[in-house]
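Trainee: Could you help me learn to read a protein model? I would like to go feature by feature.

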Amino acid sequence: MKTQPLPEVKNHRRIQHCRLPNKVKDQTDKLLRNSGIKLDLDWVTSVQANTSAIERRCKTLPGRRSIKKANQAAWLLKSVSCIDLTTLSGDDTENRVRRLCRKGRIPVRADILQKLGFQPGSITTAAICVYHEMVRAAVRSLEGSGIPVAAVSTGFPAGLSPYSLRLSEIGESVKAGADEIDVVISRRHVLSQNWNALYDEMKAFREACGDAHLKAILATGELGTLRNVARASLICMMAGADFIKTSTGKESVNATLSVSLAMIRQIRDYFERTGFKVGYKPAGGISKAKDALTYLSLIKEELGNRWLQPDLFRFGASSLLGDIERQLEHFVTGHYSASYRHAIA
Amino acid sequence: MDFGKSPESPEQALAWIDKHGGKMSMYVNGKPHQPSECEFFESRNPANGQLLAQIPQATEVEVDFAVQAARKAQPKWENLGGTERAKYLYALARLIQKHSKLFAVLESMDNGKPIRESRDIDLPLVIRHFYYHAGSAQLMEKEMPDHQAVGVAGQIIPWNFPLLMLAWKIAPALAMGNTLVLKPAEYTSLTALLFGEICSEAGLPKGVVNLITGDGRVGEMLVKHEGIDKVAFTGSTSVGRKIRKAIAGQKKELTLELGGKSPYLVFDDADLDSAVEGLVDAIWFNQGQVCCAGSRLFVQEGVADVFHKKLKARMDKLRVGDPLDKSVDLGAIVDPKQLDSITQLVQVGLEEGGEVHVGSGELPDSGCFYPPTLLTEIDPACRLMQEEIFGPVLVGSTFRTPDEAVALANNTRYGLAASIWTENINLALDLAPKIVCGVVWINSTNQFDASVEFGGRRESGFGREGGWEGLQAYTRLRHLSKDCLQVLESKTGILKPATSEIDRTSKLFIGGKQTRPDNGYSYPVFSAEGKKIGLVGHGNRKDVRNAVEAANTAKSWGKSTAHLRAQILYYLAENLAVRTEEFAKRIVSMTGENSLSAIQEVELSIRRIFTYAAWADKFDGGIRGAPIRGVALAMNEPVGTIGIICPDENPLLGLVSLIAPALAMGNALVAIPSEPFPLSATDLYQVFETSDLPKGVFNLITAKHSEIAETLAGHMELDAVWYFGSSKQSASIEKASATNLKRTWVNHGLCRNWKEAKQGEGKEFLRQATEVKNIWIPYGE
């Protein structure tokens, strides 16, 4: 094993040249919130998604884009700042959530950050994502950090609780202090091609959110085809979703590159035709730093740099952060790292 | 958030070149070969202009030495048997795999292609090709018992896929028991020479593979060399045409894989984003220096604006740069000369009009680079739509209907590949057979595999590489005669009618009608005893013109059901059978044969028609084992319109043996019957007229073979010409066929025993009457 020399000032400069994540936030234009449009069924039904072709693009992408060394470190830090650090378990407790929030505030060990030229505390995860009952605990733990709390909602994960309860659940979470609401769609509306119902439901969810941002979880693993995924993505955007998100993390198949490509191409078209930028959140199954880089490459290639900011891109992940930390330590020390050297959430 | 650089190291490849002191040797007779007095030429890295190595220029001496080495090694190599040859091919595959990174880096440095492509596409395909053909060698004796090696192959490959084209040439040749002399392109010799070392490492017997280097002069010496039995060439259409002419009449087998200007059709119901991405793989793969590149874009009008907008946005994301950078999409153009040629053609072409969009990505400051370019509003009349640019330049236009899409797609001299993008399977599968080409990709592009044939039609060449069909190019049939054909002269005699019967003048048969010859002349036919037994029209070039026109209006024959074609052939046989005696008598009177033999000829003719009626719905295609989720079909299509000059001997059976398979497979024909004994053919008119054969499918011109052969072979609307006459026309036919590079099947003055089933019928005939079209259909929801 060849050891890498400790990075010198030169490296720091190079990273800084790569636009630091925390500064980028200030540089980017303020998002015009997607207010939705009238349901346009002609548009929806014209949407096609050819599975084999989409898979081919996804398969070749990692071979087309390779991110090494300082660039890689910068991209990985960017990934950290885009993570919705998540716990969605039946055994969640307030203390468990506090631990998670602390990790969200201090996602990377201070000495590593320093070696990369960052002040401790300058990098946090994008949000903390919990069930409704944990919202208050999360809000308390995150006080003063500026990190928003996201609550999964509307009968997560299946979305089959009574409609009125699903709606009021959103309001409760907002009242409890959630800034972002991750709602699940009714998969049955997609599977029965009942686009009107899907649109109306999402529109009602959006209204219930008020100022809180709405992420529409499609549960792509249960929609059957990429064509359905693409069409459902478009409907949710038409109904005013701020983000579209792949999965609850509870389906047997969660985020994949193919699903991502099908969804972000709809985001691109929606932007082209309405001028609204809608965010994208792949969730579930992304646990390796290398995967994160591939996702970011895909976003950069298909949507462009603007979508690489946390206001338009999130990873829904719990174990990804640990792998990124190890890779960052490898970058600054030249030695492969061990997981126990990094704090658990 | 930039990708930054992630360069692959050139060190090991440079070290390999250094090991040779920067001066390479050829590989002949199992050893590096460097002639004592030798000129060298330079091989440079097109990305930075750096000198990579000095490559020796072979002379006649080396060509001769290499061919002799291959000749000497051939019988032993063939006699090793399939299993032993398979072991060597397997070893080659394994060894290339072991050195795959070195090959990939060397290839990218020599050729300029992105390392991603050499590493992820070329090398895996190369390795797969050797594995696949290890299997072909293993199965040859059992599955192809009638086939044997052709002998020594002379192979010339291009610079766009140096190692992959080497694999496509060498693997099937070796598998089938041939030895070979291969010349890589002068720009890109290095990976071939590295392959030479691999051959030694694999312990390949000396002389089996010989690699000689140099420019086009070496190629010319090689193909003309009398020690070569088979020429395989991949490269430009103009050079292919020269080769066709140069080796005409030399009894060499020939396969040509030439240029293309392949259509890329996008329908309004397609997944447009995926179709845009497909173009990246179609025209920006290998900087567009791909013979089958989807270089002509046709978009359905309703979605054209949206599509072009998406395409331009995608182009702006393409990265052009150092081929060894793992994050580039386009590398360097192979040589400054090629860069000039692209630049020139685009510049001059745009004088005819067109909209230009150039990808906004930066180009390196120096080196041989050309940006991804889209030229829209280019119409069929424009030079840019007609000529192969062989660079990263896509030309585009629009269409309104599926029929118009087909018309535009086929409006080209080439016929290599096509891509069709639509979510409608009815449309896709309807169009695939209508486009004249060898390969169709549905909702995909530039897919290759060793198990799937690849090759073209029209001026994109003939012959297939890969799959079962590709093996045909490196084998010949065991049972064919090596004896020379005796020339049969027309009988002469007195111009008095033989009997007091009513005078019967046989006319020509064109477009389903008996027509007088254009020039108004006839010539007499005499019996074996010298009595005049009839007059036949003296067909000339204008009759050929008319007959080809008639045949081309009858192309729907090829689209009729095989069942219908079989029925008509059975009917034909039936109608002939009732006139057995009459036809036998005619043979006796013309040829002087004994009546038993004549009756046998008629009965064999009837049986032969039955045979091909049987085959009409049984000469199936197949589904190839390509590594995709989907199917890769191999579909047998009619060649099209075939000109057939029939044997002089066996005036009925010779003709029937050729026209029956051609008709059964759906071709339209222009036949020239036996010159001395044409009456058996003209007697058939009535049989045809009563057998429901659509008019124009079969046309017959009685003519002097020597007067008409070149007209037929040179006619650009004929797709193939067959010659089995006894005059020495094979060479001139092969030469004249170069006009549109039609397929030829000639006897080279050798005889064929038409009465013997092994020589007179079978799959050999069906293959000549068909072209394989491979249709890739990926699926999945």
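Trainee: How many residues does the contact take from chain A and from chain B?

Mentor: It takes 25 residues from chain A and 27 residues from chain B, where two residues are in contact if their C-beta atoms, placed from the backbone, lie within 7 Å. On the side of chain A that touches chain B, the elements giving two or more residues are helix H4 (51–64), helix H5 (69–81) and helix H14 (289–302) of chain A. H4(A) gives the most, with seven residues. Helices (H or I, at least four residues) and strands (E, at least two) are DSSP runs, numbered from the N terminus.

Before we go on, this is a predicted model: local features need pLDDT of at least 70, side-chain atom pairs count only at pLDDT 80 or more, and totals for chains, interfaces and linings use all residues. Residues are numbered from 1 along each chain as its sequence is written, while chains are lettered from A and ligands numbered from 1 in the order in which they are written.

Trainee: How do I read a single helix, and which residues of H9(A) are buried?

Mentor: Here is the general idea. An α-helix has 3.6 residues a turn, so residues three or four places apart point the same way. Now the case: the buried residues of H9(A) are Arg166(A), Glu169(A), Ile170(A), Ser173(A) and Val174(A). Seen down the axis of H9(A), they fall within an arc of 130 degrees, so they line one face of the helix; the arc is that of the directions from the helix axis to the C-beta atoms. A residue is buried if 20 or more other C-beta atoms lie within 10 Å of its own, exposed if 12 or fewer, and partly exposed in between.

Trainee: Which residues are exposed on the other side of H9(A)?

Mentor: Those are Ser164(A), Leu165(A) and Lys175(A). The buried residues of H9(A), in turn, pack against helix H8 (135–141), strand S3 (149–153), strand S4 (180–184) and helix H11 (195–209) of chain A. Just after H9(A) comes Gly177(A), with a positive phi near 115 degrees.

Trainee: And how do I describe a pair of helices?

Mentor: Two packed helices are described by the angle between their axes and the distance between the axes. In chain B, the axes of helix H5 (residues 115–143) and helix H6 (residues 162–175) come within 8 Å and cross at roughly 5 degrees. That makes H5(B) roughly parallel to H6(B). Axes are lines fitted to C-alpha atoms, for helices over the stretch in contact, and angles run from 0 to 180 degrees between N-to-C directions; under 35 degrees counts as roughly parallel, over 145 as roughly antiparallel, 65 to 115 as roughly perpendicular and the rest as oblique.
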